Amino acid sequence: MILTNLPRTLSIAPMLDWTDRHERYFLRLISKHILLYTEMITTGALLYGEQKRFLQFNAEEHPVALQLGGSEPDALRQCAIMGEDWGYDEINLNVGCPSDRVLSGRFGACLMAEPELVAEGVAAMSDAVKVPVTVKTRIGIDHQDSYAQLYHFIQSVAGAGCKIFIIHARKAWLKGLSPKQNREVPPLRYEVVHQLKQDFPDLQFVLNGGILSLEAAQAHLPALDGVMIGREAYQNPYMLANADKLFYGDDHPIPSRHEIIEALIPYVEKMQAEDVYLKHISRHILGLFHGVPGARRFRRYISEHAHLAGADAEVLRQALAQVKVL
């Protein structure tokens with residue numbers, strides 16, 4: 001089923017090594033509606049690797065978007081078709097990652113310097129699939145960070161069929177800063193994203209970068225079309241517990257942290273039957289009790305036991321016992 005009107009008011013950022021299918025299933029136990037993104041998957045990995053390994057996901061994850069890394073239009077077209085065939089609700093192009101690896105591969109933030117090439121890739125994907133094709137980008141790179149240059153980039157890519165832009169409100173330094181530093185050192189400039197919305201009112205803009213609470217996200221709405229939260233949602237996932245009510249008007253009972261783990265256990269048992277190790281799932285839940293008495297004991301128990309041979313869902317039950325029911 002193709003979701004033509006995705007609930008993108010609130011979304012979780014694609015994060016390399018973090019937003020895999022196990023993390024996304026876990027987050028879906030907290031929120032029914034937030035839009036989830038895969039880690040960035042390169043076109044080369046899909047064209048020359050094992051599709052199932054990279055594209056398999058759980059039906060419960062919907063709505064879920066596939067983020068691609070690449071620049072060659074035909075490769076992007078082929079991979080977008082794969083993503084749609086596997087059932088993803090959106091195809092997103094990464095034009096924001098600043099690492100050396102993506103620079104050498106000619107994808108990520110360096111593509112901001114080549115808006116025409118990005119436009120070609122977007123056009124190739126948009127012509128090939130029915131699901132939305134979106135772009136996640138920065139507000140600039142290196143010394144190419146004027147508003148006029150950003151305006152030209154958006155104008156060029158929108159002309160190729162992209163109507164939805166996720167903007168990380170920092171520029172990226174391609175040389176001199178690590179990926180971690182690029183998430184922290186360049187100053188946040190939310191006003192730039194708000195200006196883009198004013199200048200391109202017919203496009204949708206989702207703000208990303210430095211959002212640490214649902215209240216902070218609300219502050220940017222309704223001036224923008226959505227807000228994307230990254231690492232804070234990973235490190236403190238229960239911050240999302242009230243998201244469905246605040247952003248989507250869904251008054252369903254909010255599950256407790258203990259109930260979330262109890263709901264995760266059947267999934268763990270299912271995955272273990274498919275030879276998935278507990279540690280590959282449990283690493284994503286360490287922040288669930290952030291700020292709650294007993295959180296450190298919870299984390300320690302999982303860290304000390306989930307990697308052991310034969311570790312199973314009982315590790316999660318014992319970890320829960322380290323924390324009082326609130």
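Student: Which residues form the positive surface patch?
Tutor: This is a predicted model, where local features need pLDDT of at least 70 and side-chain atom pairs pLDDT 80 or more, while totals for chains, interfaces and linings use all residues. Residues are numbered from 1 along each chain, and side-chain values use heavy atoms, without hydrogens or water. A patch takes residues with over 30% relative accessible area and no salt bridge (like charges joined within 9 Å, nonpolar side chains within 5 Å). Here the positive one is made of Arg296, Arg297, Arg299, Arg300 and Lys324.

Student: Is Arg300 buried or exposed, or partly exposed?
Tutor: Arg300 sits in helix 15, residues 295-305 (helices are DSSP runs of at least four residues, strands of at least two). Buried means under 20% relative accessible area, exposed over 50%, partly exposed in between (1.4 Å probe, protein chains only). Arg300 has 43%, so it counts as partly exposed.

Student: What is the N to O distance between Arg8 and Glu90?
Tutor: Their side chains meet in a salt bridge, meaning a Lys or Arg side-chain nitrogen within 4 Å of an Asp or Glu carboxyl oxygen. Arg8 lies before strand 1 and Glu90 in strand 4, so the pair ties together parts 82 residues apart in sequence. Both residues are buried, and the N to O distance is 2.9 Å.

Student: Which residue forms a salt bridge with Glu269 at 3.6 Å?
Tutor: Glu269 is partly exposed, at 41%. Its partner is partly exposed too, at 34%. The residue at 3.6 Å is Arg317.

Student: In strand 3, what is the bridge partner of Ile41?
Tutor: Seven of the seven residues of strand 2 (36-42) are buried, so this strand is largely enclosed by the rest of the structure. Five bridges join strand 2 to strand 3, running parallel (pairing takes at least two DSSP bridges). In strand 3, Ile41's partner is Leu68.

Conventions. Accessible areas come from the Shrake-Rupley method with a 1.4 Å probe; for residues, only the protein chains shown count as cover. Lys and Arg count as positive and Asp and Glu as negative; His and the chain ends are not counted. The place of a charge is taken as NZ of Lys, CZ of Arg, CG of Asp or CD of Glu.
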